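Q: I'd like a close look at one part of this model, then a walk outward from there. Please spell out the cut-offs as you go.

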Amino acid sequence: MRYHTPSSFDDAARLAAEASGVTRFLAGGTDVLVQMRAGAVLPDDLIDLKKIPGVTEIAQTGDGGWKIGVAVSGARLGAHEALVRDWPGVVEGMELVGSTQVQGRATLTGNLCNGSPAADSVPGLVAAGASVEITAPGGRRIVPVEDIPAGPGKTTLAAGEVISAILLPPRGAGGGDAYLRFIPRTEMDIAVVGCAVNLRVDGGRITEARVALGAVSPRIELVPACAEAIIGTSLDDAALDALAGAASAACNPIDDKRGTVEFRTEVAGVLAKRAARIAYARANGD
Amino acid sequence: MSKMHVTTTVNGDEAEFLADPRETLLDCLRDHLGLTGSKEGCGTGDCGACSVTLDGELVCSCLVLGVEAAGKRVETIEGMANGNELHPLQRKFIEHAALQCGFCTPGFLVAAKALLERNPDPTETEVRYWLAGNLCRCTGYDKIVRAVLDAAADMRKEAA
Amino acid sequence: MAKDEIREFRLVGTRPDRPDGLDKVTGRARYGADISAPGMLWGAVVRSPHAHARIVRIDSSKAEALAGVKAVVTRADFPTGLTGEDWNLQENTMAGEKALYDGHAVAAVAATSALRAQEAARLIEVEYEVLPHVIDVDDAIRPDAPVIREGAADATVPEGMPPNVVRYIDFGRGDIEAGFAEADLVMERSYKTEATHQGYIEPHACLGQLGEDGKGEMWVCTQGQWFIRRMCTAVLGLETSQLRVTPSEIGGGFGGKTTIFMEPLSLALSRKAGGRPVKIVMSRSEVLRATGPTASASMDVKIGMKKDGTLTAARAEFRMQGGAFPGAPVDMALYCAFAPYKLPAVQHIGYDVLANRPKCAAYRAPGSPMGAFAVESLLDEMCRELDLDPLEMRLKNAVNTGDTSSYGPKFGTIGLIETLEATRAHPNLSAPLGPNQGRGIATGYWFNHNGETSVSMALSEDGTVQVSIGTPDIGGSRASIALMTAETLGIPYEDVRVNVVETGALGVNEPTHGSRATFACGKAAVEAARQAIGEMCRRAASEWGIDPEAVEWMNGAAQPAGPNAGEFPPMTIAEIAGKMGSTGGPISGHHESVPDGVGASFGCHVVDVEVDPETGRTTILRYLVVQDAGRAIHPSYVEGQYQGGAVQGIGWALNEAYIYGEDGRLQNSVFLDYRVPVASDLPMIDTEIVEVPNPGHPFGVRGVGETGITPPLPAIANAIHQATGARLRQLPMSPPRVLAAIGEARQG
Amino acid sequence: MPECCGARMVKVNLWSSLTRFTDGERAVEIEAGTVAEILDGLTAAYPGLGPILDSGVSVVIDGEIATGRHTPVTPESEVFLMQRLKGG
């Protein structure tokens, strides 16, 4: 295995494009090293992105949004007070990934690129309307986060393409987001169901909403029907029931070692309600 | 598969080793530097027995490549005591019988030290969640949590 | 020692620092994988990906051509002609004609680095003919199930049983039908428990060396170095005494490290590689797939009860699979199932069934937790039906000293009633419960064990003492042995050094298992110390010129026994030791025996849970362990056993399970999905040590290690029932199962 | 145990499935003064029990598992055969 430490994303993309064998990018490494250890992935080229300037930085963009470097760990994300104020749901999703130790390494970008339908940080990003900056040998482009996952373990990134930053939109007034997941234990599990809700209120009434579900279909999905169920309401019981119904209806899960179809479908509705209440309270400044 | 020369700082001392780039930092600490205090319980970041700090950040050394340690500061269980003077956590673990087999103990101590450096007065719940990535199969965690809370109280007293 | 006798001890019952504490908090303690040797090679094992397959061909030529590869072994490198359990061990170490489970070893390789050995293992080509497999015990016992091994049944199995039944047991007494007829309520229910793993954090590791001359050495993490020696030499056809086995510090065992897995492979590889030492360290995935989890069980229980709670009759039929080899602990599950209760009529039937799973090993009170889950759950259900207090019902039927046990023999001195009374008095029983909360109570039993034991004590020149023991220290037993030795000798705790020694240094010792270390090894250490005291008294008598019978030992010194013996100042142990070279030579004491006087231990647990009615997740709010320790030598480590056992039981109850796919492959072979409890899952575990001294031990010790894993399974099921109205009869009580059960209960 | 006292018949309680080797008897009388004599006497009287006894059983005398073949028994002893017990 060749270990590379490029000093720019252009170099990283070029290395990846020129590599002929199995290639992996290394950010936090909390998935790649596990796959290597299990013999599931034996890279010929491993491209460590952490020597690229700026990859561990969190910066406010000119429009009031945020640009998050690809090697920003969960621990750093959680320690950034201004970002936590703006996007608590995005941050809490990331902070649920693994243990304290894993938080010292794991990154939003890595969690996204691992392609897991159960990735805890991704529903929050999708609900937030986040996008990624992709660097390829030909240049850069911006793509919505929800367009990256392509099914279990797969992404839409082409060979030679590397995510070079995560971009969060400006929070704006009256906004709130939240992420909840269900796991059998209190920590250390992969989500059996995950749900992120991002909404905006004006005078108690929801004016905008985005709801994303994890672990209930082959890829993390934005569910417009869930948003429609609560937009225009003040999140009364009828709206919550409609939200839960829409969330359950959007599920296309599998039976596996972590949960059953029935369980995932039912709990998706429960979590959607609970996450919506938290997001709503945050939007109202409660 | 040529090996790479890595220069790093371990417990304050400069350390050098030759690493296959596939080897983890844990492999390098144990097999190249003879620092076997960090343990491998899972190799997947689920048990915390290999906990070390890397530039002050608590990590599982099984999820870090040895070559990534180049130019960084690594702190392991072997560097926790100051000579013969045990860290208060080490003293309290013995006093509270917070270990039975002792295999998970180095990881718990390194992780608990990182907690108390950030939060000198944690609640029981904060201790339990911070240490959720450190598995212990012997104690049921009761005496470990008590030892950490007691060490924190002692350290606050000493600092006052 | 009478039951009510109070004895004052100087050291027993205190809580000093454990002797190995400093090494273990500084990272200096050396475990299985922490040792290297000059010229060392690394081993890796090739494992079957199939649950059941004929091995057609193994081609290792590509692996052997790889630079740095020094040896490859397959079953062809092992002797033939073994029988009985030795054959089982050999077959489990390395598959012969068939791979019998996912993870079964089929070849092994040694190379100059761990990575090279793993590469070589991937290059070994194995051609399989995949055969039909069976995983679940109820499927495996069907007459038309895939046959795992012809002729595996032993003489206990009557003609005409299904082909995978390899042992059969039934026993009982009294007129069971009359008993049921006499009852006001008879209930019969079926229960299932899934296999779990001991989950020790230290994966198996060993460093083995074996020469062409048949002489070898091994460093290994094990509960029993003599078991490793006997089993390795049997499997490899070596003379037992030619292998010297040194136990490392051990990172947990719970029964799982009482047998061999890859240890013989390191020796076979070493011999083939010109005697170079070979280190093998299992990955976590190998530990879960290919070591010795517990059995899974399918159980039917029927109980008769009068309106006042009196039990009239009980019947249990248990089916257990313990993998592709005989050995599921169905007998012990049955012996323990009704042990806490006086029963006029009782019947037990058990089947040990083969399935395509790894060979089960012992796990903490083997069998007892499964039986308790069934029986204690059913008793709780019956108490609800008859509106009886579950604790009072248990007290009403509890066995006492001298009562006839459910499995036949009479009990010696036992403390179940004292344990139940202590439970009743505990404040946790009156803690208020809120909505969706419930309280569950259950009892548990374990026999405890004695086993072959050999201990040596030797006096050093300065009057301090070394004790050589053969039971690896898993949970603080060096401290308890030192306390008992120092108490006996009348010297400070710190003056005793307890060493866990290699096989060359003592006679045969059984492992640290069966809750026996503090009981058996402690008893032998006391006997060894008494022998040394006798010699020290003789040395003093000789110095004083008086009769040895006129000397007694008090406070760490020889003294004249009364005024008639003469006027001499006490001669301290240090004085005697300082002169021993010129008064007759070294002074030591030995004791070898299978000690009698084992004391059984009963426990009672009370758990409060809260269940989220929308997700089915169970949170443990409060947990209480009450158990009879006989005498707690070092109470902190007794509490530690209670807490650790309870939490393993909590894991078994709620989330731990072996999960197999349709293909017969284990799906959760990492800690991510083999879900042991984490710190944030739990509250503090309250403990209450009951002391009804065991008259069979000089200080009254009963084993305490195992009983604690037994009550949590039913106690939590009982608490969930109170919290939700739903009765779970299958483990684990995972959120999907609980949520489904709540839904069914609501529909009535 | 003095050997002067004539027949020393000891009642041995078996588990039920062994009764097919003992003509249906759940408890059999064996002349014995030790555990060894019980086991050898059982095999002599009921050869079908041999393989089961050889593969390992626990002999429980007055509530305690006998520690060896030398352990004495008397006609008054309560004797049970159980499958071999071990622990984790």
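A: Let's start in chain D, where five strands make an open sheet of mixed pairing, ordered S2-S1-S5-S3-S4. Strands pair when DSSP finds at least two bridges between them; strands (E, at least two residues) and helices (H or I, at least four) are DSSP runs, numbered from the N terminus. The edges are strand S2 (27–31) and strand S4 (64–65) of chain D, each pairing on one side only. The model is predicted, so local features need pLDDT of at least 70 and side-chain atom pairs count only at pLDDT 80 or more, while totals for chains, interfaces and linings use all residues. Residues are numbered from 1 along each chain as its sequence is written, with chains lettered from A and ligands numbered from 1 in the order written.

Inside that sheet, strand S1 (9–13) and strand S5 (79–83) of chain D run parallel, joined by two bridges. D:Asn13 stands opposite D:Phe80 in S5(D). Helix H1 (35–45) of chain D packs on the sheet, touching S1, S2, strand S3 (57–61) and S5 of chain D, with its direction at about 115° to that of S2(D). Axes are lines fitted to C-alpha atoms, for helices over the stretch in contact, and angles run from 0 to 180 degrees between N-to-C directions.

Now step outside chain D. Its 23 contacting residues meet 36 residues of chain C, where contact means C-beta atoms, placed from the backbone, within 7 Å. On the chain C side, strand S7 (165–173) and H10 each give two or more residues, and S7(C) has the largest share, five. That side of chain C divides into 19 nonpolar, ten polar and seven charged residues. Here Ala, Val, Leu, Ile, Met, Phe, Trp, Tyr, Cys and Pro count as nonpolar, Asp, Glu, Lys and Arg as charged, and the others, Gly among them, as polar.

H10(C) (330–337) is mostly covered, with eight of its eight residues buried; among them are C:Met332, C:Leu334 and C:Tyr335. Buried means 20 or more other C-beta atoms within 10 Å of the residue's own, exposed means 12 or fewer, and partly exposed is in between, with C-beta atoms placed from the backbone.

What about the other chains? Chain D has no contact with chain B, whose closest C-alpha atoms lie 14 Å from those of chain D, and none with chain A, where that gap is 27 Å. Of the four touching pairs, chains B and C have the most contacts: 43 residues of chain B meet 42 of chain C. H2(B) gives the most to chain B's side, four residues.

Deeper into the chain C numbering, helix H14 (477–489) and helix H15 (517–544) of chain C pack at about 30° with axes 9 Å apart. H14(C) and H15(C) are therefore roughly parallel to each other; angles under 35 degrees count as roughly parallel, over 145 as roughly antiparallel, 65 to 115 as roughly perpendicular and the rest as oblique. Their crossing is right-handed, the term for a near helix turned clockwise from the far one by less than a right angle, with anticlockwise being left-handed. This contact has nine nonpolar, six polar and one charged residues.

Helix H17 (635–654) and helix H18 (712–724) of chain C have axes that come within 8 Å and cross at roughly 55°, which makes H17(C) oblique to H18(C). Residues meeting there include C:Trp652 of H17(C) and C:Pro712 of H18(C).

Terms used
Contact = placed C-beta atoms within 7 Å.
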